[in-house]
Every structure is written in C-alpha cells, then in structure tokens.
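Here is a small set of exercises to work through with the structure open beside you. Try each task before reading its solution.

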Amino acid sequence: MNLIMFGTREDEKDAAMVWSKKSGVNVETTTDILTMDTLEKVRGNDGVLIQQTGKLDEELYPALAEMGIKQLATRSAGYDMFDLKAAQENGLTITNVPAYSPNAIAEFAVTASLNMIRHLDLIKKNVENHNFSWNKAILSREVRSMKIGIVGTGRIGRITGELFAGFGAEIIGFDLYQNDEARKFLTYKDTLEELVQEADLISIHMPATEDNYHLFNKELFAQMKDGAYLINTARGTIVDTEDLLEALENGKLAGAVLDTYEYEHPFVNKDLKGAEIDDDIFNALMARDDIFYTPHIAFYTETAVENLVEGSLNATYDIVTTGKSDFQVQ
C-alpha cells in the first residue's frame, strides 16, 4: 500500500516514518498542499492525507475519484476544508482525528486568557520602554473573581473549564448536547444568550458548521457584559471579525484572544516576513493591543502532532483496507 501526505511539516516526518516502519506501508511526504496543480502526485497511491486550512478546489473531488482514490484524511479535528456533499457524490470517505490531544488546546486557551487578563504584553512593552510604573492600564482581575463561560463542552471545552475551575472561578456552559461529566464543575445555561449575558470571559470550543457561521456577531456582542473577554481557539468562521473589531473599538469588550481567523488561509502556516499583508481586516486585527492573535497554533504540541499523524494514517489504512474507520466524518 502507498499513501501520500500533502502539506507535511518537518515536525511530522518522524511520526510518519515510525508509523510506516511499524505498519509496513509506504508513506510519501511532500510539503505541497493538495491542489489541481499538485494532483498528479496522487497517482500511484492508495490513500491521501492533507493538512491545510483553506477549502479544497471543487474540481479535486471528481478528479481524485477518477484516479481510484476512495478517501481523504485530514490531520486535524476540524474538517471544514472539505465539501462533504461533493465528497459523498464522488464516493470519497472523509476522516479526521477528533481527539488528538484536547489538553493542548485547552492549556493554550487558559494560558492565552491569563496573558490577556494580566496585561502581560502591555507590561512587557512598558518594561522595554523603561516604564516601570504601576498604573490602571495594567491593573488586573483575578480569575477566581470571574465567571467563565464555556461554549461547547466536548473534550476540549471540558478540560478548559476544569483548568479555569482550578483557579477558583465559577464555570457556566452552553452546549446543544449536554453531558454529565461537565456537570461536575459547571452549570449549564439553557441558551447561548443567557451565558454571554453572565460571563466575564467566554471561551469557544465548538466545531465550525453552517449553523454557527458568524454566531458571534454584532447582536451577540451587544448582549455581553461590558468589559468581557472573548477567547476563540476553535474556528475562525464562528466569529464575525469586523463585528468583533467594532465591539472592541466601542469598548464593549475588554479584549480578545484569537488563535484562528476566518480568512487565515493566505497567511497560516507561512513565513511572510517582510511581505505586505493585503487584508485590511487582518491588518486592523493585528494592530490592536487588545487582541492577542496567534496563527492557529493552540494545538501545536509534540503529543498532538504525533497523535494527529498516527491517527490520520490509521484512519486512512482502515478506509483503504476495510472501507470503514472510527474517525469517519458523518
């Protein structure tokens, strides 16, 4: 069996080679992402794995089917880069890795929140300018005095909530599918609106769907507490970035952590040092001191990378050999 991993980073290669040696399956790696221009690299392979944030070209689905490919695996939990309808129409089974390391993202969400709440970036900037004074701009709240809202109480949301609970904060949650494990440390709210009206800090942990596109928008921001914080380590499309910028500009929100941006594909994961960024919204976002932006990096730990590579290769192997996988996207 031959498999090809598109968009392979250096840090993924060791895990891929270990899996290849253990399974006896040949794994070819390439830094190229899967496009119509790179499609020919698929020929001669039985399975295809990708790692890219942008939407796949619609022409790829029938082209892959014509080459005898039966599946597409993403080395991520999110699968919004796929057109599931087009994949189904062309007989392509989609797999993801739903639980590669929820701790990685949860720990990042809490770390970034603390950075925002304690004004660490501003303090660092002040110190660099030899301003060692204490002033109201860097006066902080303690987490234990805050009510933390967890939106989406799956694995990542639950760990995030438990970590915040460890600081002594009161935790509230919202999820269409409530679970008893989360009830051990949080109180569910019946509606998202009820949660945002009460929370001092809101951390988003839901997959991107058609139903939650721009769920956090002008109307929802208007219902939040004055001076609340928004943390998004989920998907960029869940937040209307222009509305968020307005909510920060008019002082409704005190700050935001964005590990994802709805139009991030041209920038993530690329080194654009010295290059001009032709995106006014993104430039406005990065220019603000009250936004802590990171390039979709919350997942990026050694454990997570190993689990993503192994999980996606296992899913690909299962689909190619049996037509089924526990990681099949329904």
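## Exercise 1: The surroundings of N232

A polar contact of 3.4 Å links the side chain of N232 to that of T260. The model is a predicted one, so please read every value below as computed from it.

**Task.** Place N232 in the fold, decide whether N232 is buried or exposed, and list what N232 touches.

**Solution.**
1. Start with the location: N232 belongs to strand β10.
2. Next, the accessibility. The relative accessible area of N232 is 0%; buried means under 20%, so N232 is buried.
3. Now the neighbours. Leaving out residues up to four places away in sequence, N232 touches I204, V239, V257, L258, D259 and T260.
4. Return to T260 in that list: the side chains of N232 and T260 also form the polar contact of 3.4 Å.

## Exercise 2: A234, in the loop after β10

**Task.** Find which residues A234 touches, and state how far its C-alpha atom is from that of E58.

**Solution.**
1. A234 sits in the loop between β10 and α10.
2. Its relative accessible area is 12%. With the cut-off for buried at under 20%, A234 is therefore buried.
3. Setting aside residues up to four places away in sequence, A234 touches I204, H205, M206 and T260.
4. For E58, 176 residues from A234 along the chain, the C-alpha separation is 25 Å.

## Exercise 3: Helix α10 and its packing

**Task.** Work out which residues of helix α10 are buried and which elements they pack against.

**Solution.**
1. Helix α10 covers residues 241-249, and its buried residues are T241, D243, L244, L245, A247 and L248.
2. These buried residues pack against two helices, α9 (218-223) and α11 (280-286), and three strands, β10 (228-232), β11 (253-258) and β12 (291-293).
3. Look at the start of α10: a side-chain oxygen of D240 comes to within 3.2 Å of the backbone nitrogen of E242.
4. Then look just after α10, where G251 has a positive phi of about 85°.

## Exercise 4: Backbone angles worth a second look

**Task.** Which residues other than glycine have a positive phi near 55°, or about 55°, and where is the cis peptide bond?

**Solution.**
1. H119, not a glycine, has a positive phi of about 55°. H119 is in the loop between α4 (102-117) and α5.
2. H214, also a residue other than glycine, has a positive phi near 55°. H214 lies in the loop between β9 (201-204) and α9, and at 15% relative accessibility H214 counts as buried.
3. The cis peptide bond joins V268 and N269, with omega of about 0°. N269 is in the loop between β11 and α11.

## Exercise 5: Two partly exposed residues

**Task.** Classify I123 and M1 by accessibility, then describe the setting of each.

**Solution.**
1. Partly exposed covers the range between under 20% for buried and over 50% for exposed.
2. I123, in helix α5 (residues 120-128), has 29% relative accessibility and so counts as partly exposed.
3. Apart from residues up to four places away in sequence, I123 touches R118 and I138. The C-alpha atoms of I123 and W134, eleven residues apart along the chain, are 9.5 Å from each other.
4. M1 is in the segment before β1 (2-5). At 33% relative accessibility, M1 is partly exposed too.
5. M1, Y317 and V320 make a nonpolar surface patch of about 210 Å².

## Exercise 6: The chain as a whole

**Task.** Why can the chain be called as compact as a globular protein of its length?

**Solution.**
1. Count the elements: the chain has twelve helices and twelve strands.
2. Compare the radii. The radius of gyration is 21 Å, and the globule rule gives 20 Å for 330 residues; these are close, so the chain is as compact as a globular protein of that length.
3. Add the dimensions: the C-alpha trace spans about 65 × 50 × 35 Å along its principal axes.
4. Check burial and surface. Of the 330 residues, 51% are buried; the chain exposes about 16600 Å², with 49% supplied by carbon and sulfur atoms.
5. Finish with the contacts: among those with a separation of 6 or more, 67% are between residues 24 or more positions apart.

Conventions:
Residues numbered from 1 in each chain as written. Predicted model: local features only at pLDDT ≥ 70, side-chain atom pairs only at ≥ 80, totals over all residues. Heavy atoms only, no water. Patch = residues over 30% accessible without salt bridge, like charges linked within 9 Å, V, L, I, M, F, W, Y side chains within 5 Å. Areas by Shrake-Rupley, 256 points an atom, 1.4 Å probe, with all protein chains shown as cover. Salt bridge = Lys/Arg side-chain N within 4 Å of Asp/Glu carboxyl O. Helix = DSSP H or I, 4+ residues; strand = E, 2+ residues; numbered from the N terminus. Buried < 20%, exposed > 50% of the residue type's maximum accessible area, 1.4 Å probe, protein only. Rg over C-alpha atoms; globule rule 2.2 N^0.38 Å. Contact = heavy atoms within 4.5 Å. Polar contact = N/O pair within 3.5 Å; in protein donor to acceptor, adjacent residues only side chain to side chain.
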